[in-house]
Amino acid sequence: MTPVIEVFAQQVLAGLASGAIYGLMALALVVIYQSTHHINFAQGEMATFSTFAAWALLEAGVPYWAAAAFTIAGAFAVGALIHATLLRPLAGSPVLTQIAVFIGLLLIFHALGGALFDHTLRVFPSSFPAGAVGPNAYLSAHGVGTLAVVLLVSLILFLAFRFTRLGLAMRAAALDPEAARLMGIRVDRMLALGWGLAASIGAIAGVLIAPVVFLDPNMMTSILLYGFAAALVGGIDNPWGALPGGIIVGVSENLLGAFVIGTEFKLSAALLLTVLILLVRPQGLFGRRLVNRV
Amino acid sequence: MDTRDLWASTAWTVLGNRASSAPSALEVQSLVVRRDSIAVIHGLGFSVERGETLLLLGVNGAGKTTLLRALSGLIAASGVIRLAGQRIDGLRAEDRVAAGLMQVPDTRGLFHTLSLEDNLRLGAHARGDRAAIAADLDRVWKRFPKLHERRRQQAGTLSGGEQQMLAIGRALMARPLVLMIDEPSAGLAPQAIGTIQDLLLAIREELGVALLIAEQLSGGVSAGVDRVMHLDSGRVAFLGSPDDPGCRHLPSQDLMRRCDP
């Protein structure tokens with residue numbers, strides 16, 4: 001293979017792995033967006049904080065998978081609690097009030113992470129073996145593991161939302177809370193579940209990205225921006241578009257960085273993509289426009 | 001529970017003799033609804049029996065929708081509401097559904113981006129009996145073969161009349177004891193209104209559901225009505241049989257026509 005093609009293949013594969021993470025963050029954003037119609041700005045900081053918690057557990061000698069399970073469960077509880085204590089009493093309040101809560105959460109989790117765990121860069125271990133996979137060593141074992149975990153999580157969520165009674169009730173509660181109540185659905189509970197789910201998804205993303213980028217209180221800041229771009233590409237109203245959106249953003253970011261604009265401008269490219277999508281196709285590449293005859 | 005047993009034994013068949021000692025399906029006493037501390041429903045009292053259709057008439061703003069929303073628990077109200085003898089006024093809206101009270105709102109409340117089938121399944125959310133739910137789903141599809149052909153499509157793609165049928169079919173999936181429908185004829189062509197009319201008659205005859213139907217004074221459903229309740233500024237102006245001479249002395253010409261069909 002010629003060197004250019006080799007670099008191309010390498011960048012595409014690396015883009016798949018990081019794109020999978022963006023897809024997870026996008027999914028977390030979309031889950032909250034569907035019920036609140038706002039972007040949860042604190043999603044990244046919540047994920048970072050969860051990753052700190054996982055790190056602390058690992059430092060305390062807890063085995064990796066147990067620490068991961070505790071972290072994901074803990075994130076779920078905290079997410080559900082945030083909805084029950086902060087968002088639920090504010091139901092029906094002005095948009096700015098709810099946005100203020102999101103920004104407040106962002107600041108709180110950011111400061112808490114810094115205060116409890118310091119601002120230094122920390123090495124976070126990977127559960128996957130070090131080194132590369134395959135004959136040409138294009139993709140690290142951690143990258144392959146990341147892809148596998150993200151695909152598994154997406155598959156489980158897809159099956160749960162598509163085929164279970166609870167998943168259907170959660171979708172209904174997000175689509176039209178009042179109509180859902182008239183079906184006997186406990187909407188508050190469903191929305192709290194959604195918040196817990198989003199926090200758990202964020203925690204998984206944080207634990208998967210931390211071995212690649214080092215752990216510090218700002219870890220997820222840029223990841224969240226990529227995730228936001230991914231959510232818009234896939235369609236902010238469309239959970240099924242989050243992962244494809246993440247892959248598209250991840251791969252194009254890597255290719256642009258390698259061949260066109262250089263690595264320094266990768267984040268700018270993601271922001272540009274966000275603006276372009278909002279201008280040209282606000283419903284996203286995979287977003288469905290609402291069909292409604294009257 | 002009473003409701004469930006009733007359905008289990010007589011589901012989708014003609015309901016037999018109504019024992020006179022049995023409590024009303026829906027009983028309302030001194031219901032008051034306030035909006036910004038001003039009463040908009042002034043101490044209403046009425047009841048609906050099993051297998052009975054009560055037509056709630058009134059002009060826009062008379063309080064029909066407010067009354068239905070207060071009964072279903074979407075807005076706060078004071079007073080006593082009994083469902084088959086059991087008080088439900090302390091329950092939240094989602095728990096009143098489980099008790100057997102179902103409302104089809106004036107917006108129909110369909111989930112437009114979900115499939116027809118998912119919409120119907122959501123109607124049975126408060127129930128736990130999987131096998132019976134599947135059987136009821138089949139019955140609804142049999143009743144609406146045209147909806148069955150399109151069961152995987154988004155509910156928003158249906159015409160207005162089809163949406164109303166789906167909304168009513170979905171409410172039946174809850175096996176309600178009392179079904180309240182807010183303006184089933186709103187925005188529908190006369191032909192579609194006829195179809196809805198036939199459907200409501202069939203529900204009353206076959207399922208023994210107590211029907212509380214709100215309509216404007218003119219147009220809308222009229223056949224098969226057992227009693228008429230005329231609501232005027234949140235008060236009962238008339239409550240009785242459509243054949244009752246009092247019904248004809250109501251102000252509206254349209255209403256007079258409907259009192260004596």
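**Exercise 1. A loop residue in chain B**

In which loop of chain B does B:Asp36 lie? Find the loop, then describe the backbone and the exposure of B:Asp36.

*Solution.* Note before starting that the model is predicted.

Step 1. Place the residue. B:Asp36 lies in the loop between strand 1 (26-35) and strand 2 (38-48) of chain B.

Step 2. Check phi. B:Asp36 is not a glycine, yet its phi is positive, about 50°. Most residues other than glycine have a negative phi.

Step 3. Check the surface. The relative accessibility of B:Asp36 is 69%. The cut-off for exposed is over 50%, so B:Asp36 counts as exposed.

**Exercise 2. A second positive phi**

Treat B:Ser233 in the same steps: location, phi, exposure.

*Solution.*

Step 1. B:Ser233 sits in the loop that runs between strand 9 and strand 10 (235-240) of chain B.

Step 2. Its phi is also positive: about 50° for B:Ser233, again not a glycine.

Step 3. B:Ser233 has a relative accessible area of 48%. Partly exposed covers the range between 20% and 50%, so B:Ser233 is partly exposed.

**Exercise 3. The fold of chain B in outline**

How many helices and strands are there in chain B? Add the burial, the contacts and the exposed surface.

*Solution.*

Step 1. Count the elements. Chain B has 10 helices and 10 strands.

Step 2. Take burial. Of the 261 residues in chain B, 57% are buried.

Step 3. Take the contacts between residues at least 6 apart in sequence. In chain B, 70% of these join residues at least 24 apart.

Step 4. Take the surface. Chain B exposes about 10600 Å². Carbon and sulfur atoms supply 49% of that area.

**Exercise 4. Salt bridges around B:Arg127**

Which residues are linked with B:Arg127 in a network of salt bridges? Work through two of the pairs and sort their residues by exposure.

*Solution.*

Step 1. List the members. The network links B:Arg127, B:Asp129, B:Asp136, B:Arg139 and B:Arg175. Side chains of opposite charge can pair when their charged atoms come close.

Step 2. Take the pair with B:Asp136. The closest N and O atoms of B:Asp136 and B:Arg127 are 2.8 Å apart.

Step 3. Take the pair with B:Asp129. The side chains of B:Asp129 and B:Arg127 meet at 3.3 Å, N to O.

Step 4. Sort by exposure. B:Asp136 has 0% relative accessibility, so B:Asp136 counts as buried. B:Arg127 is buried too, at 3%. B:Asp129, at 29%, counts as partly exposed.

**Exercise 5. A pair that links distant parts**

Where in chain B are B:Arg204 and B:Asp226? Give the distance first, then the location and the exposure.

*Solution.*

Step 1. B:Arg204 and B:Asp226 form a salt bridge, with the closest N and O atoms 2.8 Å apart.

Step 2. The pair links distant parts of the chain, 22 residues apart. B:Arg204 belongs to helix 8 (residues 190-207) of chain B. B:Asp226 belongs to the loop between strand 8 (210-215) and strand 9 (227-232).

Step 3. B:Arg204 counts as buried at 14% relative accessibility. B:Asp226 is partly exposed, with a relative accessible area of 31%.

**Exercise 6. The interface of chain B and chain A**

What area do chain B and chain A bury between them? Describe the contact and its charged pairs.

*Solution.*

Step 1. Start with area. The two chains bury about 2700 Å² between them, 56% of it on carbon and sulfur atoms.

Step 2. Find the main contributors. B:Glu94, B:Phe111 and B:His125 supply 25% of the area that chain B buries against chain A. That is more than any other three residues.

Step 3. Count residues. 31 residues of chain B are in contact with 25 residues of chain A.

Step 4. Count polar links. Between chain B and chain A there are 5 salt bridges. One example joins B:Glu94 to A:Arg181 at 3.0 Å, N to O. The count of residue pairs in polar contact is 5.

Step 5. Name the elements. Those that give two or more residues to the side of chain B touching chain A are helix 2 (64-72), helix 3 (93-99), strand 6 (101-104), helix 4 (116-123) and helix 7 (160-172).

Step 6. Sort the residues. This side of chain B divides into 10 nonpolar, 13 polar and 8 charged residues.

Key. Residues are numbered from 1 along each chain as its sequence is written. Chains are lettered from A and ligands numbered from 1 in the order in which they are written. This is a predicted model: local features need pLDDT of at least 70, side-chain atom pairs count only at pLDDT 80 or more; totals for chains, interfaces and linings use all residues. Side-chain values use heavy atoms; hydrogens and water are left out. Contact means heavy atoms within 4.5 Å. Buried area is the accessible area (1.4 Å probe) that two parts lose on being put together, summed over both. A salt bridge is a side-chain nitrogen of Lys or Arg within 4 Å of a carboxyl oxygen of Asp or Glu. A polar contact is a pair of N or O atoms within 3.5 Å; within protein, one must be able to donate a hydrogen and the other to accept it, and residues adjacent in sequence count only if both atoms are side-chain atoms. Helices (H or I, at least four residues) and strands (E, at least two) are DSSP runs, numbered from the N terminus. Ala, Val, Leu, Ile, Met, Phe, Trp, Tyr, Cys and Pro count as nonpolar, Asp, Glu, Lys and Arg as charged, and the others, Gly among them, as polar. Buried means under 20% relative accessible area, exposed over 50%, partly exposed in between (1.4 Å probe, protein chains only). Accessible areas come from the Shrake-Rupley method with a 1.4 Å probe; for residues, only the protein chains shown count as cover.
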